[in-house]
Amino acid sequence: MTLHHLMLFLHVCGVVVWVGGMAFAWFCLRPAAMQLPPDRRLGLWAAVLRAFFPMVWISIALILASGFGMLIETGFARAPIAWHVMLLTGLVMIAVFASIWFGPWRTMQQAVGAEDWARAAVAMNTIRQRVGFNLGLGLLTTAIATLGLGL
């Protein structure tokens, strides 16, 4: 095993947790949660995101550290174009996640704590839209990573 293999493993682990978690939330948890009344649904989402979002921050750290490590090892000029595109899409994803963390996520936590279900629902809807965007971008980035190496 080389350092490159270790960095690639950490990179893929970070992506699996982040993109896989978004896919699970979007395609499995969201439809199931819709069966609950608003107060229980929003309470469930608050609890799930409270556990998931710190994992996203750890994933971001792993992805950034390993990705830049592999870029530095290869050399930015010698890296495939796909790697540069992945860097760009990854940075956009991080910015979108930060916008969730510092915006509607804080609002949702406060609203759920105050049992202000209308305000919590608005915040959750914003989170849902941004996670949907990030999920699409994450899948595109995965396609670039696996199909675009010839770029």
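A residue counts as buried when its relative accessible area is under 20%, as exposed when that area is over 50%, and as partly exposed in between. The structure described here is a predicted model, and this classification is applied first to its single salt bridge, since a search of the whole structure finds one. That salt bridge joins aspartate 116 to arginine 119, with the closest N and O atoms 3.3 Å apart. Arginine 119 has a relative accessibility of 34% and therefore counts as partly exposed, and aspartate 116, with a relative accessible area of 30%, is likewise partly exposed. In general, side chains of opposite charge can pair when their charged atoms come close.

An unreviewed UniProt entry lists residues 6–30, 42–69, 81–102 and 131–150 under "transmembrane region". In the model, residues 42–69 are 100% helix and 0% strand, and the end C-alpha atoms of this span lie 39 Å apart. Residues 81–102 are also 100% helix and 0% strand, with end C-alpha atoms 32 Å apart.

Helix α1 comprises the 31 residues 3–33, for which a rise of 1.5 Å a residue predicts a span of 45 Å; the end C-alpha atoms are 42 Å apart, which agrees. The helix α1 nevertheless bends by about 35° at alanine 25, a residue that is itself buried. Among the other buried residues of α1 are Met7, His11, Gly14, Trp18, Met22 and Leu29. An α-helix has 3.6 residues a turn, so residues three or four places apart point the same way. The buried residues of α1 pack against α2 (38–74), α3 (81–102) and α5 (117–147).

Notes. Residues are numbered from 1 along each chain as its sequence is written. This is a predicted model: local features need pLDDT of at least 70, side-chain atom pairs count only at pLDDT 80 or more; totals for chains, interfaces and linings use all residues. Side-chain values use heavy atoms; hydrogens and water are left out. UniProt positions are given in the numbering used here, feature names are shortened, and annotations may be inferred rather than shown by experiment. Helices (H or I, at least four residues) and strands (E, at least two) are DSSP runs, numbered from the N terminus. The expected span of a helix is 1.5 Å times one less than its number of residues. The bend at a residue is the angle between axes fitted to the seven residues ending there and the seven starting there. Buried means under 20% relative accessible area, exposed over 50%, partly exposed in between (1.4 Å probe, protein chains only). Contact means heavy atoms within 4.5 Å. A salt bridge is a side-chain nitrogen of Lys or Arg within 4 Å of a carboxyl oxygen of Asp or Glu.
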